[in-house]
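Subject: Handing over the structure

Dear colleague,

Please find below the structure that I am passing on to you, with the sequence beside it. My notes on what was found in it follow directly after.

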Amino acid sequence: MRRVIFLILVISLAVPLFAQKHPFTFEDMMSLKRVGEPEVSPDGKWVIFSVVDVDLAANTKTPHVWIVPVAGGQEREIISSQDADRPRWAPDGKRFAFLSTKEGGSQIWIADFDGAAGTVTGVHKLTSIATEADGQLWSPDGKNILFVSNVYPECPDEACNAKKLEEADKSKVKAQIFTKLLYRHWNAYKEGKRNHLLIVPVDGGASRDLTPGDYDAPVFSLGGQDDYAFSPDGQEICYTSNHDKNEAASTNNDLWVVPVSGGAAKNITADNPASDSTPLYSPDGKYIAYRAQARPGYEADRFRLMLYDRKTGEKKNLTENVDQWIGTFTWAGAHQIYLTAESKGASPLYYVIPDLCLDGCHPLKITDGYDDDLSPVVIETTDQHDNLTVGAFTRMSLQTPQEVFIAEHADCAIGLEKVKAMLRGESKEPLPKCASANTRQLTHLNFAVLSQVAMSPLETFWFTGAHNDKVQGFLVKPPNFDPSKKYPLKFLVHGGPQGAWGDDWSYRWNPELFAANGYVVVMINFHGSTGYGQKFIDAINDDWGGAPFEDLMKGLDYAEQHYPFIDKERECALGASYGGYAINWILGHTDRFKCLVSHDGQFNTESAWGSTEELWFPNWEFKGSLLDSREEYRKWSPHLFAKNFKTPTLVVHGQRDYRLDVSEGFQLFTTLQMLGVPSKMLYFPDEGHWVLKPQNAQLWYKTVNDWVDQWTKR
């Protein structure tokens, strides 16, 4: 810890003592290092993680592998000669695997590691598979690596896949023939391929497909915890796959197990027609922990923490009595599970001991903050405690992007029966201080940049919204704030709609960057937002323009009344995804804003149903498919209120957005132009639902901020 403090002191002294901090800029944001998932070494001495560097001039993002001692000290880049991502320790800690595109396409590489010096002594390429490799995991004996590859399901081996890829590349005809839905997903066409799990010997040799068939195994994911895992003896894998006939209308992801030696897969969650995902074996091999939803077709149903007994096949719902979504989780030894759960704009760490509450657990909170990316945990014996749990995780806030932290959670002599009563919800006593985790920040990769930037902390307020429910809002003041002045306002609306604003970091919709050029930023977690219980989430179903719109307007009313520095004559509302829909709804239902920004927003609910890929989403939100529930779609369609459109509007959309097709943006822009409403469209031919390329993001922020300035700055 002393070394970390000394490092901060040295950096601080390198900065002029009276240096004037400047408002946060886009260039500042692009200079920040983006920290990936950390993983503690098997001996508990090192944490390894990836760091992405952005080169704005080159329009690139490049990951490298870094390391930091668990005891504290200087973080160091240990693979810089090539791009290197997703480092994963071998069981012996003498090697780690990583992903690199150094020689074309994503492949698995192996690095030899000197644990005493904390250095890499050599690297070599493991795979050269035409369909590329991703998501690597070591087998428990260190002899094999499991990975994901996007293969042709009809191909039995690598040679067949390579031949089909070459033929497709050389063909002058690029047409595709579809015979079923989900032919494209998120931002890419599937082109007849499937995600499969393959296994390859670490000493070299051909890979084997462990999940053959015309199914994605594992299922598509936008990130987060892996949807597959090894059993502790290395003889079995468990993975997530959806075998329903119409995947586009189904959330029925099931857990399957298959022997590593090969053979038929077995569905172990066939009794649940909703989603089961993220399996993780207990270290003793007795259980598989996983997350599950209860309502089929509803992607925003609460995720429960489940326990599957591998011997009896019995399943236990550990968190049914807790109205929180379970986020990422990991085992700590054979008996404890650490997890995150979103709550009122934060995401603290919790733990449960399943054996003490098999009939229902109430997770005990051991940290505060916005935490994620839990690493597998190391158990140590120390002089002070019989067991000291050491786990790495990432933490962020509105003012700081992700950094690596360590949680040290010691056994606490509070009595087994007392712990059991707390875990079962029978005791309302607060958790003793000794039972909370001691957290330490291990990395300070962005201190030098952020120490020169003026930012304001996130402020929270509560008001009475729709249904007389308490609703949470957030406010960010501009840098160098003067309470005697009046400031224009940017009113941000989040997407999802089952998402939330909170004390977390974002590179795409960054409240600090929106505030930096002299604006107050206000955000409302309206009905439908996560972190306030499932009833609050469900309130938006078939009420898209009802309670959420009421919350947004009442939240803004509250802010105007309680923060006199807000100039209510100079306000602009901005949103993306559902937030874009909300902007389109606002466009037809109020003229209180000087301008609007609608990014990837649904404009015509009827046409959006026919052009989206994940049909389970509108089918749930509007009480059925368009074929059976057309009036529900029309009730909440912004395009039917076009006669009321008056507010100047910037429309933003990406060609590769298949969640909300680009035609939604074109329809909105055409309507605005034909009505004579001042409008502009920013179109990205090379982006999907998110704007990810650095220079595209630069143009996005400039165009959006210039538009707001045009209508609100005097």
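I begin with one residue: Ser-347 counts as buried, because its relative accessibility is 6% and buried means under 20% relative accessible area, while exposed means over 50% and partly exposed lies in between (1.4 Å probe, protein chains only). Please keep in mind that this is a predicted model, in which local features need pLDDT of at least 70 and side-chain atom pairs count only at pLDDT 80 or more, whereas totals for chains, interfaces and linings use all residues. Residues are numbered from 1 along each chain as its sequence is written, and side-chain values use heavy atoms, with hydrogens and water left out.

Ser-347 sits in the loop between strand S26 (336-341) and strand S27 (349-352); helices (H or I, at least four residues) and strands (E, at least two) are DSSP runs, numbered from the N terminus. Once neighbours within four places in sequence are set aside, Ser-347 is in contact (heavy atoms within 4.5 Å) with Thr-340, Ala-341, Glu-342, Gly-369, Tyr-370 and Asp-371. The loop between S26 and S27 also holds Lys-344, which has a positive phi of about 50° although it is not a glycine. In contrast to the buried Ser-347, Lys-344 counts as partly exposed, at 46% relative accessibility.

Turning to the whole chain, the protein has 14 helices and 42 strands. Its radius of gyration, taken over C-alpha atoms with a globule rule of 2.2 Å times the number of residues to the power 0.38, is 26 Å, close to the 27 Å that the rule gives for 714 residues, so the chain is as compact as a globular protein of that length. The C-alpha trace spans about 65 × 65 × 55 Å along its principal axes, and buried residues make up 58% of the 714 residues. Among contacts between residues at least 6 apart in sequence, 60% join residues at least 24 apart.

The interior includes a largest nonpolar core of 95 residues, where a nonpolar core is a set of buried Ala, Val, Leu, Ile, Met, Phe, Trp, Tyr and Cys residues joined through side-chain atoms within 4.5 Å. The members that touch the most other members are Phe-24, Met-29, Phe-491, Phe-514, Val-522, Ile-566 and Trp-700. The largest share of this core, seven residues, comes from helix H9 (residues 578-589). A second, separate core has 33 residues, including Leu-339, Tyr-351, Ile-353 and Leu-374. As for Trp-700, the residues that it touches, not counting those up to four places away in sequence, are Arg-508, Trp-509, Phe-514, His-599, Val-652, Leu-682, Phe-684 and Val-691.

Strand S39 and what follows it may also be worth a look. Asp-567 lies in strand S39 and counts as buried at 8% relative accessibility. Apart from neighbours within four places in sequence, Asp-567 is in contact with Lys-486, Tyr-487, Pro-488 and Arg-714, and its C-alpha is 9.7 Å from that of Thr-712, with the two positions 145 residues apart in sequence numbering. Ser-577, in the loop between strand S39 (566-576) and H9, has a positive phi of about 60° although it is not a glycine, and Ser-577 is buried with a relative accessible area of 17%.

Two further buried residues come with distances. Glu-606, in helix H10 (residues 605-611), is buried with a relative accessible area of 14% and touches Leu-626, Arg-630, Tyr-633, Arg-634 and His-639, not counting residues up to four places away in sequence. Glu-606 and Ala-407 are 199 residues apart in sequence and 49 Å apart in space, C-alpha to C-alpha. Thr-389, found in strand S31 (residues 388-397), is buried with a relative accessible area of 4%; Thr-389 and His-409 are 20 residues apart in sequence and 5.0 Å apart in space, C-alpha to C-alpha.

Lastly, the backbone has cis peptide bonds to look at. One joins Ala-217 and Pro-218, with omega of about 15°, and Pro-218 lies in the loop between strand S16 (208-209) and strand S17 (228-230). Another joins Gly-496 and Pro-497, with omega of about 0°, and Pro-497 lies in the loop between strand S37 (487-493) and helix H6 (511-515).

With best regards
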